[in-house]
Amino acid sequence: MKIRTGFGYDVHRLVEGRDLWLGGIKLDYELGLLGHSDADVLIHAICDALLGAANMRDIGYHFPDTSDATLDIDSKILLRKTIELIATKGYRLGNIDATVCAERPKLNPHIPEMQRCLAEVMNTDIDNVSIKATTTERLGFTGRMEGISAYATVLIEKD
């Protein structure tokens, strides 16, 4: 068996007038993330980690923010397509370990639902999807509640 690891990072600005999507679920919050798609930073970080592990560049290469096809797209579709892309090279997901950095809203109550959603999208066991939430102790853009960032590491496998 051949294994590879990948790392992904994403950040989006919090703004009024947008829905907040994280980990494939819509959260009830007064601000949302600004982006070409639904701006789900967690999914975008996971996509970049998967693509990087398979040496397939990044999310912007495969799903450019200049394309009408990806305008306001549900990031779960991008994640499903990313799983299909790495499969073209014979890879499948081993596991994900991800961290979302946000002061608000509090994310811990939503993590089990995010795990279920992402596991279903990627057709994997929920135990393969680890999600953690943290703050930046009010430091930086996250601490000032200007945006949300996410980090992800993945293991992919090839028989």
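**Entry 1: the end of H1**

I started with asparagine 55, which sits just after H1 and takes a positive phi of about 55°. I note here that this is a predicted model.

**Entry 2: helix H1 itself**

Next I walked back into the helix. H1 covers residues 41-53, which makes 13 residues. From its first C-alpha to its last I get a reach of 18 Å, close to the 18 Å expected at 1.5 Å a residue.

How many of the 13 residues of H1 are buried? I find twelve, so H1 is largely enclosed by the rest of the structure. Among the buried ones I jotted down Val41, Leu42, Ile43 and Ile46. The list also includes His44, Cys47 and Asp48.

Then I looked at the N-terminal end of H1, where aspartate 40 acts as the cap. One of the aspartate 40 side-chain oxygens lies 3.2 Å from the backbone nitrogen of leucine 42. Leucine 42 is itself on the buried list for H1.

**Entry 3: salt bridges**

On to the charged pairs. A reminder to myself: side chains of opposite charge can pair when their charged atoms come close. The count comes to six salt bridges, and I followed up a few of them.

Which residue forms a salt bridge with arginine 92? The partner is glutamate 157, with the closest N and O atoms 3.4 Å apart. Arginine 92 lies in strand S5 (residues 92-101) and glutamate 157 in strand S7 (residues 147-158), so this pair ties together parts that are 65 residues apart in sequence. Is glutamate 157 buried or exposed? I read a relative accessible area of 17%, and since buried means under 20%, glutamate 157 is buried. Arginine 92, at 35% relative accessibility, counts as partly exposed.

Aspartate 74 and lysine 76 form another salt bridge, their closest N and O atoms being 3.0 Å apart. Here the lysine 76 end is buried, with a relative accessible area of 16%, while aspartate 74 is partly exposed at 28%.

My last lookup was glutamate 146 with arginine 144, where the closest N and O atoms of the salt bridge are 2.8 Å apart. Arginine 144 is exposed, with a relative accessible area of 52%. Glutamate 146 counts as partly exposed, at 32% relative accessibility.

**Entry 4: to keep in mind**

For my own recall, I keep two items: the aspartate 40 cap on H1, and the arginine 92 to glutamate 157 pair that links S5 with S7.

Note on methods. Residues are numbered from 1 along each chain as its sequence is written. This is a predicted model: local features need pLDDT of at least 70, side-chain atom pairs count only at pLDDT 80 or more; totals for chains, interfaces and linings use all residues. Side-chain values use heavy atoms; hydrogens and water are left out. A salt bridge is a side-chain nitrogen of Lys or Arg within 4 Å of a carboxyl oxygen of Asp or Glu. Buried means under 20% relative accessible area, exposed over 50%, partly exposed in between (1.4 Å probe, protein chains only). Helices (H or I, at least four residues) and strands (E, at least two) are DSSP runs, numbered from the N terminus. The expected span of a helix is 1.5 Å times one less than its number of residues. A polar contact is a pair of N or O atoms within 3.5 Å; within protein, one must be able to donate a hydrogen and the other to accept it, and residues adjacent in sequence count only if both atoms are side-chain atoms.
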